[in-house]
Amino acid sequence: MSGFKELVFSGVQPTGNLHLGNYLGAVRRFVTLQETHDCIYCVVDLHAITATLSQPDLAAQTREVTAAFLAAGIDPKRHIVFNQSQVPGHAELTWIFNCVARIGWLNRMTQFKEKAGKDRENASVGLYDYPCLMAADILLYRATHVPVGEDQKQHLELTRDIAIKFNNDFAEKIAARGHGEGYFPVTEPLIGGPAARVMSLRDGTKKMSKSDPSDYSRINLTDDADAIAQKVRKAKTDPEPLPSEEAGLAKRPEAENLVGIYAGLSDTTPAEVLRDFGGAQFSAFKSALVDLAVAKLGPIGAEMARLVKDPGHIDSVLADGSARAAAIAERTIADVKDIVGLIRRG
Ligand code: TYM
């Protein structure tokens, strides 16, 4: 992607119950990418209100996600950590993108269909427009790489389509401003690894999700060692021992999921996990998984609990990050207004 400086952007919604899927699919990878890239990590509070505007305590939920970022090891001084609503450019660029994206594109979004369910007429316009806000999040910083779990793939394809259409529609003006390869980068999704899609502990065919009514379906980052142990022990399995090769996981979704979780937490691959545990009964494997999960997640949960006791500190991290994010965002908004032909002050 020549011409664009590599920049990582990603976001997490403050909708409560941050879980192992969010950690393995996203946050843990945010931490690794800090070593190789400039990174911007956003608590997307404007997305959080698309399903329900009145959340139990949106501010506390926003601080909790921020605490998870910090506890997992994201450095808010070397990189940028902020909450979306403090930077007005997200909403401004969304409006422009509403006029770029086509209704047909949004009608294809499967996550809207899942979230709206049968009562689609009663879903908020914000929920429908969610993908345009997500494209604005990313392109406001002209980010080139976006680490996410697999469930966000279609949204990132839409982000690419919006960037391409904007670049094409304004090609001459953009070239005249010296942006030969287009104003917005065509962002690369970073999706992968054994835990790009962590499944429910109660049903290996369903995604682990914040909104699952059963708390036993997920491991929350705030769970203590006892809760983690109980949930792993109760996790659904099948009667066979673990296979020695990955091919033996086919049609065994629960086994595949637990092996993927083990691989994700231990930074190995399912093949390596099966080399160690092939032939083992689930009882033995689950004990090892409990030890691993408690060792990896316990310190993060404890640090989150410590951090949320000092909301003033978290708010100051978010204020600092928001000011630095806004400085970048303002340049993009000024450029976009000039490209589109909107008269602006100064
Ligand atoms: P959210 O808040 O639902 O989830 C945050 C991140 O966690 C990943 N994830 C999972 N990964 C693996 N297995 C799972 N079971 C699982 N569940 C969730 C998600 O893929 C995501 O990476 N739309 C986004 C937030 C967002 C965003 C953005 C992301 C808003 N703007 C811009 C990237 C760039 C979302 O709902 O994430």
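This briefing describes the domains, nonpolar cores, cavities, a pocket and several individual residues of one protein chain. The structure is a predicted model. The chain is assigned two parts, namely domain 1 (7–196 + 310–340) and domain 2 (215–307). The largest nonpolar core has 60 residues, and at least three of its residues come from each of these two domains.

**Domains**

- Domain 1 is made of two stretches of the chain, 7–196 and 310–340, whereas domain 2 covers 215–307.
- The C-alpha centres of domain 1 and domain 2 are 30 Å apart.
- Where the domains meet, 19 residues of domain 1 are in contact with 19 residues of domain 2.

**Nonpolar cores**

- In soluble globular proteins, nonpolar side chains tend to be buried together.
- Within the largest nonpolar core, the residues with the most contacts are Tyr 23, Phe 69, Ile 261, Leu 265 and Phe 285.
- Helix 13 (residues 282–308) is the element that gives the most to this core, contributing 11 residues.
- Both domain 1 and domain 2 take part in this core, with at least three residues each.
- Leaving aside residues up to four places away in sequence, Phe 285 touches Leu 242, Leu 258, Val 259, Tyr 262, Val 273 and Phe 277.
- Another core, of 45 residues, lies apart from the largest one; Phe 112, Ala 136, Ile 138 and Leu 156 are among its members.

**Cavities**

- The model holds 2 cavities of 30 Å³ or more.
- The largest cavity has a volume of about 50 Å³, and its lining consists of Met 109, Gln 111, Phe 112, Lys 115, Leu 127, Tyr 130, Pro 131 and His 155.
- Two elements, helix 6 (110–116) and helix 7 (125–139), give two or more residues to the lining of the largest cavity.
- By residue type, the lining of the largest cavity comprises 5 nonpolar, 2 polar and 1 charged.
- Phe 112 links two of these topics: Phe 112 lines the largest cavity and also belongs to the core of 45 residues.
- The second largest cavity encloses about 40 Å³ of space.
- Its lining is formed by Leu 20, Leu 201, Ile 219, Val 232, Leu 258, Ile 261, Leu 265, Leu 289 and Ala 293.
- Helix 11 (253–266) and helix 13 are the elements that give two or more residues to the lining of the second largest cavity, and helix 11 gives the most, with 3 residues.
- The lining of the second largest cavity divides into 9 nonpolar residues, no polar and no charged.
- Ile 261 and Leu 265, which line the second largest cavity, are also among the residues with the most contacts inside the largest core.

**The second largest pocket**

- The second largest pocket has a volume of about 370 Å³.
- It is lined by 19 residues, and those closest to its centre are Lys 5, Leu 7, Tyr 141, Ile 328 and Arg 331.
- Strand 2 (38–43) and helix 14 (311–340) are the elements that give two or more residues to the lining of this pocket; helix 14 gives the most, with 5 residues.
- The lining of the second largest pocket contains 9 nonpolar, 2 polar and 8 charged residues.

**Individual residues: contacts**

- Arg 28 is part of helix 1 (residues 20–33).
- Although Arg 28 and Leu 265 are 237 residues apart along the chain, their C-alpha atoms are separated by 9.3 Å.
- Not counting residues up to four places away in sequence, Arg 28 touches Tyr 23, Gly 264 and Asp 267.
- Ser 217 is located in the loop between strand 5 (188–190) and helix 10 (225–234).
- Ser 217 counts as buried because its relative accessibility is 0%, and buried means under 20%.
- With residues up to four places away in sequence left out, Ser 217 touches Ser 200, Leu 201, Arg 202, Met 208 and Asp 212.

**Individual residues: backbone angles**

- Asn 17 is not a glycine, yet its phi is positive, at about 55 degrees.
- Asn 17 lies in the loop between strand 1 (7–12) and helix 1, and its relative accessibility of 33% makes it partly exposed.
- Arg 142, another residue other than glycine, has a positive phi near 50 degrees.
- Arg 142 lies in the loop between helix 7 and strand 4 (145–147), and is partly exposed, with a relative accessible area of 21%.

Definitions and conventions. Residues numbered from 1 in each chain as written. Predicted model: local features only at pLDDT ≥ 70, side-chain atom pairs only at ≥ 80, totals over all residues. Heavy atoms only, no water. Core = buried A, V, L, I, M, F, W, Y, C linked by side-chain atoms within 4.5 Å. Buried < 20%, exposed > 50% of the residue type's maximum accessible area, 1.4 Å probe, protein only. Helix = DSSP H or I, 4+ residues; strand = E, 2+ residues; numbered from the N terminus. Domains from an automatic or database assignment. Contact = heavy atoms within 4.5 Å. 1 Å grid on protein atoms, 1.4 Å probe; cavity = no way out; pocket = protein on both sides within 12 Å on 5 of 7 lines; lining within 4 Å. Points joined across faces, edges and corners; volume = space filled by probe spheres on them. Nonpolar A, V, L, I, M, F, W, Y, C, P; charged D, E, K, R; others polar.
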